[in-house]
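Please take a look at the structure below. A short guided tour of its parts follows.

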Amino acid sequence: MQYKSLGQEEQVVSLPEGVFKGLADDGSLFMPVEIPRLQEDFLSALPELTLPEMAFSVLRPYVHENLDDTVLTKMVQETFSFPIPLVSVHDKINVLELFHGPTQAFKDVGARFLSRLMSHLHPVENDKMVVLTATSGDTGGAVAHGFHKVPGIEVVVLYPEGKISPYQENQMTTLGHNIHAIAIEGAFDDCQRLVKQAFNDRSLREQVSITSANSINLGRLLPQMVYYFQGVARSMQQNNGTAPVVCVPSGNFGNITAAIMANRMGLRVKRFVAATNANDVVPRFLESGDYDPRQTIVTLANAMDVGDPSNFPRMYALFQNNLEELKKLLSANVVTDDEIRETIKSVYNDFNYLLDPHSAAGYLGLKRELWGEEHGFFVSTAHPIKFIEIVEDVLPGVAQKLKQDFQANFDSAKTKESMGNSYNSLKEYLLQL
Ligand SMILES: *Cc1c(COP(=O)(O)O)cnc(C)c1O
């Protein structure tokens, strides 16, 4: 498979080039030159397959020029080593729980696959590779765990001191080995600025190979298709073979792009719903046809606080940038902070199911968009323990119990490092790794 950029220049690259570059030279995103159609035999056998077996067949067309089948088999076994169950919330609504990985968020899937892909495509015999990433919370933990002890790769994660939750900090600072989590004096923007400066520093890049692991990377996008096959297969089994409506709580729109790609490969889905928080650029676009990105608004579902979703051009390209075509398959629903709080509370009280703020948006978005006899599932993108402060606010007793169960994750020993926010300190640090 080759990958083509979405910009004017239509740069065509191989998988390794796409993975290590991240973005095309003109700053646009890479997409597969074609989305292959899976065999009917495979699709009808889905209920009997394990997640790694599904992953192997779904991902093989995208990687087989670069990975032997035995290598891909090992990679998908290591990536999909935790369960992704479809659970009933009530009659017509199920939830596909994506939070059973090491950092309790769906980003584990992408990070685990990307790390193994990079390690394989850049063998240890070559010079050492440094993955440099800035995080406002969720990505850092997933990347740190995904790359932990992966040979030949050092990971440097920059995060804003005091501005992420203790739980999130713990996930990055307790690993050691090849994982270097550095608290930067300042905000997330300072972390991003330092990372950009490093990528633009020629003299640094002549001495160290650095690459990024951010969410636009193909190596994170592709494996996110896989769990939709599991969700749809289970859902159809429970509903006399009828296809579900699938709702994805969305920020950068990477997860839902992967879902739509799975559908293009042949997976049966009735239609899709994107649930957003107050950052509603896509819902407004579907309504008015005007793509009008705005400044990011801070909400309770903060991993979806994105004013200008970076994966939107990928999703739109799947519809030849045609709004009418997009609207045939996708609707969107905006969920406010008050509605998130209310949903966490009522779904717990009525159905004994505890949602995190992102999944609460998913639940409500789906519920409002289901019509007539339709049934569906939403994806649960994080475990409520990651956003315990919000659960504490609306369901104090439940939160306390949950914290006891996860106590160990709050107070184990830390290997935290700190740095001011000057570029020179970062450069020195990278040079001595
Ligand atoms: C990253 C993230 C999202 C948003 O996913 P996108 O692919 O950026 O749309 C939603 N929920 C959680 C918990 C996340 O970490």
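The unreviewed UniProt entry annotates Lys-107 as "modified residue: N6-(pyridoxal phosphate)lysine"; UniProt positions are given in the numbering used here, feature names are shortened, and annotations may be inferred rather than shown by experiment. This is a predicted model, in which local features need pLDDT of at least 70, side-chain atom pairs count only at pLDDT 80 or more, and totals for chains, interfaces and linings use all residues. Residues are numbered from 1 along each chain as its sequence is written, and side-chain values use heavy atoms, with hydrogens and water left out.

Lys-107 is found in helix H5 (residues 107–121). Helices (H or I, at least four residues) and strands (E, at least two) are DSSP runs, numbered from the N terminus. Is Lys-107 buried or exposed? Lys-107 is buried, because its relative accessible area is 14% and buried means under 20%, exposed over 50% and partly exposed in between (1.4 Å probe, protein chains only). Leaving aside neighbours within four places in sequence, Lys-107 is in contact (heavy atoms within 4.5 Å) with Asp-138, Thr-139, Ala-142 and Arg-220.

Now for the sheets. An open sheet of 6 strands follows the order E4-E5-E13-E10-E11-E12, and its pairing is mixed. Two strands pair if DSSP finds at least two bridges between them. Strand E4 (86–90) and strand E12 (330–334) are the edge strands, each pairing on one side only. On average, neighbouring strands of this sheet are turned by 25° against each other, direction ignored. Axes are lines fitted to C-alpha atoms, for helices over the stretch in contact, and angles run from 0 to 180 degrees between N-to-C directions.

Within this sheet, strand E10 (residues 245–249) and strand E11 (residues 271–276) run parallel and are joined by 5 bridges. Val-245 stands opposite Arg-271 in E11. Helix H12 (residues 254–264) lies across E10, E11, E12 and strand E13 (376–380), and runs at about 180° to E11. Helix H13 (residues 281–288) also packs on the sheet, where it touches E11 and E12, and its direction makes about 125° with that of E12.

Strand E10 also holds Val-246, which is buried at a relative accessible area of 1%. What is Val-246 in contact with, leaving aside its neighbours within four places in sequence? The residues are Tyr-228, Val-269, Arg-271, Phe-272, Val-273 and Phe-377. Val-246 and His-375 are 129 residues apart in sequence, while their C-alpha atoms are 9.0 Å apart in space.

A further open sheet has 3 strands in the order E2-E1-E3, with antiparallel pairing. Strand E2 (12–13) and strand E3 (30–32) each have a single partner strand, so one side of each is left without a neighbour in the sheet. Strand E1 (residues 3–5) pairs with E2 in the antiparallel sense over 2 bridges, and Lys-4 stands opposite Val-12 in E2.

Strand E6 (residues 129–134) is largely enclosed by the rest of the structure, because 6 of its 6 residues are buried. In a regular strand the side chains alternate between the two faces of the sheet. Here Met-129, Val-131 and Thr-133 point one way from E6, and Val-130, Leu-132 and Ala-134 the other way. E6 pairs with E7 in the parallel sense over 6 bridges, and Met-129 stands opposite Ile-153 in E7.

Next come the nonpolar cores, each a set of buried Ala, Val, Leu, Ile, Met, Phe, Trp, Tyr and Cys residues joined through side-chain atoms within 4.5 Å. The largest has 96 residues, of which Phe-147, Met-225, Tyr-228, Phe-229 and Met-315 touch the most other members. Beyond its neighbours within four places in sequence, Met-315 is in contact with residues including Phe-253, Ile-256 and Leu-330. A second, separate core of 39 residues includes Phe-99, Val-245, Val-273 and Ile-390.

Two residues other than glycine have a positive phi and sit in loops:

| Residue | Phi | Loop between |
|---|---|---|
| Lys-149 | near 65° | helix H6 (138–147) and strand E7 (153–160) |
| Asn-321 | near 50° | helix H14 (312–317) and helix H15 (323–329) |

Lys-149 is exposed, with a relative accessible area of 54%.

Lastly, the cysteines. Counting a disulfide as a pair of cysteine sulfur atoms within 2.5 Å, the total is 0 disulfides. Cys-191 is buried at 0% relative accessibility, and Cys-247 is buried at 0%.
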